[in-house]
Amino acid sequence: MVLTGGGARRMGGIDKPAVPVGGQPMRDRVLDAVSGASARIVVGPATGLPPDVRHTREDPPGGGPVAATEAGLALLDPDPPTTVLLAADLPLLTAEAVRSLVEHVSGAAVDGAVYLDDGGRRQLLCGAWRTAALRAALARVRAGRGGTLAGASIRGLVADLTVAELSWTRSGPPPWWDCDTDDDVRRAEEWIR
């Protein structure tokens, strides 16, 4: 599941997922990293999607990543055991990095696995989650917020989940690198050259 609904305020409100890195929009680079998934879903604004990618919007539009997660899960039938939850601004993400996340969820007694950035912060929108655990967490957050998910934080969503934290120690650029500024995009371009 790829979330495209951020406001890109630090980049002047542009359509950030459409910004090219290495000649390809960031969103499409993320979709390529999950090309082997049983279902690929984009939640948020999107045009020009490949025909095999499902699309939906969060309710309300712009309601944030938790509302987007619920909207994306609504398109799954049947539920896969694991859902990969990704921001659309991860141009350095690779299939190998995604496989590592999924393997950690499949092989351990955890609800999810995320990468840690070089500052030790969890990159919650670069992770894999047990689908049942995500659904239960969504129900808990909805109940605690009077029935709405709009504006709920992703940190709050996963606060009660057991999360494996992975550091990227393999060769190549860090897959968790998200592009929030023009400088981040330039750095990503340098890494893929």
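The following questions and answers examine a predicted model, beginning with its sheet and ending with its cis peptide bonds.

Trainee: In what order do the strands of the open sheet stand?

Mentor: Strands of a sheet pair through backbone hydrogen bonds, either parallel or antiparallel. In this model the pairing is mixed, and the open sheet has seven strands. Their order is β5-β4-β1-β6-β8-β7-β9.

Trainee: Which strands stand at the edges of the sheet, each with a single partner strand?

Mentor: A strand with a single partner has one side left without a neighbour in the sheet, so it stands at an edge. The two strands in this position are β5 (53-56) and β9.

Trainee: Which residue of β4 is the bridge partner of V2?

Mentor: Strand β1 (residues 2-3) pairs with β6 in the parallel sense over two bridges. With β4, too, β1 pairs in the parallel sense over two bridges. In the pairing with β6, L3 has A87 as its bridge partner. In β4, the bridge partner of V2 is V42.

Trainee: Do β6 and β8 pair in the parallel or the antiparallel sense, and which residue of β8 stands opposite L85?

Mentor: Strand β8 covers residues 122-130 and is joined to β6 by five bridges. The sense of this pairing is antiparallel. Opposite L85, in β8, stands G127.

Trainee: Which residues of β6 are buried on each of its faces?

Mentor: In a regular strand the side chains alternate between the two faces of the sheet. Strand β6 (residues 82-87) is mostly covered, with six of its six residues buried. On one side the buried residues are T82, V84 and L86, and on the other they are T83, L85 and A87.

Trainee: How much space lies in the second largest pocket, and which residues are closest to its centre?

Mentor: Rolling a probe the size of a water molecule over the atoms shows where empty space is left. In the second largest pocket this space is about 480 Å³. The pocket is lined by 23 residues, and those closest to its centre are A37, S38, A39, T82 and V84.

Trainee: Which element gives the most residues to the lining of the second largest pocket?

Mentor: The lining has 14 nonpolar, five polar and four charged residues. At least two lining residues come from each of β4 (40-43), β6 and α3 (95-106). The element that gives the most, with four residues, is α3.

Trainee: How many aromatic pairs are there, and what is the arrangement of Y115 and W168?

Mentor: The count of aromatic pairs comes to three. The ring centres of Y115 and W168 are 5.9 Å apart. Their planes stand at 75°, and planes over 60 degrees apart count as edge-to-face, so the arrangement of this pair is edge-to-face.

Trainee: How far apart in sequence are the parts that the pair of Y115 and W168 ties together?

Mentor: Y115 and W168 are both buried. Y115 belongs to strand β7 (residues 112-116), whereas W168 lies in the loop between β9 (163-166) and α6 (182-192). The pair therefore ties together parts whose separation in sequence is 53 residues.

Trainee: Why is the pair of W176 and W177 classed as tilted, and with which residue do the two form one aromatic cluster?

Mentor: The centres of the W176 and W177 rings are 6.1 Å apart, and their planes lie at 45°, so the pair is tilted. W176 is buried, with a relative accessible area of 8%, and W177 is buried as well, at 14%. The residue that forms one aromatic cluster with W176 and W177 is W191.

Trainee: At what distance from the ring centre of W191 does R187 lie?

Mentor: The charged end of R187 sits over the ring of W177, 5.6 Å from its centre. R187 also lies over the face of W191, where the distance to the ring centre is 4.0 Å.

Trainee: Is L73 buried or exposed, and what is its C-alpha distance to L134?

Mentor: L73 is located in helix α2 (residues 65-73). Its relative accessibility is 0%, so L73 counts as buried. L73 and L134 are 61 residues apart in sequence, and their C-alpha to C-alpha distance is 8.9 Å.

Trainee: Which residues are joined by a peptide bond that is cis, and where is P78 found?

Mentor: D59 and P60 are joined by a cis peptide bond with omega of about 0°, and P60 has its place in the loop between β5 and α2. The peptide bond from D77 to P78 is also cis, with omega near -5°. P78 is found in the loop between α2 and β6.

Definitions and conventions
Residues are numbered from 1 along each chain as its sequence is written. This is a predicted model: local features need pLDDT of at least 70, side-chain atom pairs count only at pLDDT 80 or more; totals for chains, interfaces and linings use all residues. Side-chain values use heavy atoms; hydrogens and water are left out. Buried means under 20% relative accessible area, exposed over 50%, partly exposed in between (1.4 Å probe, protein chains only). Two strands pair if DSSP finds at least two bridges between them. On a 1 Å grid over the protein atoms alone, a cavity is a set of points where a 1.4 Å probe fits but cannot get out, and a pocket is an open set with protein on both sides within 12 Å along at least five of seven lines; lining residues have an atom within 4 Å of a point. Grid points are joined across faces, edges and corners, and a volume is the space filled by probe spheres set on the points. Ala, Val, Leu, Ile, Met, Phe, Trp, Tyr, Cys and Pro count as nonpolar, Asp, Glu, Lys and Arg as charged, and the others, Gly among them, as polar. Rings of Phe, Tyr and Trp (its six-membered ring) pair if their centres lie within 6.5 Å; planes under 30 degrees apart count as stacked, over 60 as edge-to-face and the rest as tilted. A charge sits over a ring if NZ of Lys or CZ of Arg is within 6 Å of the ring centre and within 35 degrees of the ring normal.
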